[in-house]
Amino acid sequence: MTRTGSTRRTFVAGTAAAGAAAALGVEAPVASAAARTAPGTASGQSVAVLGGGVAGLTAAHELAERGFRVTLFERRALGGKARSMDVPDSAKGGRKPLPAEHGFRFIPGIYHNLPDTMRRIPFPGNAHGVWDNLVAPKEMMFARTGQEDLRLPMPGAGTPQPLTLDDIRRALTGVLGTFQRLPAREVAYFVDRLAVFLTSCQERRDNQWESVPWWTFTRAAQMSYDYQRILAVGVTRNIVATKAEEASTRTVGSLLEAFAFNALGRGADGPLDRILNAPTNEAWIDPWVAQLRSLGVEFNVGWTVREVTYPGGRVTGIQITDESGVVRTVTADHYVSALPVEHARPTWSAAMRAADPQLARCDLLRTDWMTGIQFYLTERPDIVHGHVDCIDSQWSLTAIAQAEHWPRHPFADGYGDGSVADCLSVDISEWDKPGILYGKTAKQCTRDEVAREVWAQLKAALNDTGKTVLSDSRLHSWFLDPGVSGIGTPDPRNEDELLIHPTGTFHNRPSAATKIPNFYLAGDYVAVPIDLATMEGANTSGRLAANALLDRVGSTAPRCTVTPLYSAPELDLLKNTDRLRYRIGLPNVFDLG
């Protein structure tokens, strides 16, 4: 065996190499390495899960509960993009380090599969496990630069409401009518476009609307600036976390439909907006890992997957660099690749792509930057009690002040040096447009310049209504996701990019089952009922990968439940009519241009 350098050790945890060898037959560089486990009964077979994000942890959870021997390999930190992390050297006086994250959590009521998993993760004092750590913000705000901010109360799960199309139109018009600067005719037009999508059959959605950008579908280019920023861009960014100019109408429309039903009390697991009541690792990831260990899952963190070995017919092993920089071959009966798509693709050979063309189509999937930065404040800001969207900001900023949602975890008592009262967690969605301080894109700025630029854009959005929400004197420190590197140089990099969904993407998303008989896919890029890169999608893909494995080995174990987005039966007749119209080349009956 050869050494190829060292991997990051900051987050190394879990079992030693010998433990992995015993479970999965690692060909270690010493004579005493354990021999490979021979295939046995379905419930006794070994599974190597590659990647420890939400998808990988879900697959490990479901398979371990069904008796498989699971070992998980993660190059950096368990939880992936969903994890929280410590700000280095920030802990003093016996407190914990300041909590940071790749981006703030958002677990809406339209999710069903992820909440099901959360209910099955024990948490001290909680009757429903980790799920009880979800709390609902009271409101959200569209912060306008140079204009009056728009505040919206966030409804609970709601009681079931009538769902004729006219009822839905009235409800949507009433909500959108609260945006005072929007012309009534533009509100009416936007509601009409939603009605077209709501009554479109699945065939039209999968083909016609998948090929049309949301920006085009809503005719945003012909509408007012406020229509563009609030309805076409702002709502899209808040709810769907994607770009209206590129995202397919199928993607955006499906999510908006689900949120509308959620607000009307249909098909929801809970309130429209939910977040965690503590840093993600404390409230969710650490208890999850502890439970998986109790189920026998073995973890090797700091191990980087290099290549899937595929001589033909079946996968025979995985080339992995361990935490010491030693290249090892890991073998198992089955392999679940739960790496993000941009990290998974380099591990697949040309032979694998030839064996299953859907792997080759994954090369067409696109990722982009959406990364978090946290600002630690010495006083709580007088801000909205929930998420804020700075819809006029050059870098498309969204944020949330966390302290009020973490009542059992006060910052000053529990984190940092005792002077931090709150954390304003901000997501930067636009990295390729110039800012207001330096006239440079975020990728062209240094880390310090990014922090100053984001802070300036936040103040421009929040401090222009006659009061000072953010002031320099209250800024304690900031922390930018360490996955971003090389910004300010010709070679900016991001270790944690986000799958985006421009038109046509739906047709390139792979299934969890591949044509390689012992190889499966999990990740937010896999085809799942929720058509977007989300934690719900990642969780669902892990369930689908487990089901595909169970099917392939003929297991009698119960299959994982997979709950799709809600579909209102009251609209089925209109959708059936549209299916006939689509097949004979006619537009949707409500699509009047």
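Modeller: A salt bridge is a side-chain nitrogen of Lys or Arg within 4 Å of a carboxyl oxygen of Asp or Glu. What we have here is a predicted model, in which local features need pLDDT of at least 70 and side-chain atom pairs count only at pLDDT 80 or more, while totals for chains, interfaces and linings use all residues. Residues are numbered from 1 along each chain as its sequence is written, and side-chain values use heavy atoms, with hydrogens and water left out.

Biologist: What makes the meeting of aspartate 496 and arginine 76 a salt bridge?

Modeller: Their side chains come to 2.5 Å, N to O, which is within the 4 Å of the definition, so the pair counts as a salt bridge. Aspartate 496 sits in the loop between β21 (493-494) and β22 (498-499) and arginine 76 in the loop between β2 (69-74) and β3 (84-86), so that distant parts of the chain, 420 residues apart, are linked; the strands named here (E, at least two residues) and the helices (H or I, at least four) are DSSP runs, numbered from the N terminus.

Biologist: Why is aspartate 496 called buried?

Modeller: Its relative accessible area is 5%, and buried means under 20%, exposed over 50% and partly exposed in between (1.4 Å probe, protein chains only), so aspartate 496 is buried. Arginine 76, at 7%, is buried as well.

Biologist: How do you know that arginine 266 and glutamate 570 form a salt bridge?

Modeller: The closest N and O atoms of arginine 266 and glutamate 570 are 2.9 Å apart, and the pair therefore satisfies the distance rule. Arginine 266 lies in the loop between α9 (249-263) and β8 (275-276) and glutamate 570 in the loop between α16 (535-553) and α17 (572-583), so the pair ties together parts that are 304 residues apart in sequence.

Biologist: Are arginine 266 and glutamate 570 buried or partly exposed?

Modeller: Arginine 266 has 15% relative accessibility and so counts as buried, whereas glutamate 570 has 37% and so counts as partly exposed.

Biologist: What about lysine 443 and aspartate 432, and what makes their pair a salt bridge?

Modeller: The N to O distance in this pair is 3.3 Å, which therefore also fits the definition. Both residues lie in the loop between β18 and α15, eleven residues apart. Lysine 443 is buried because its relative accessible area is 19%, while aspartate 432, at 40%, is partly exposed.

Biologist: How many salt bridges does the structure hold, and which residues are linked in a network?

Modeller: The structure holds 33 salt bridges, and Glu62, Glu65, Arg66, Asp116, Arg120 and Arg543 are linked in a network of them.
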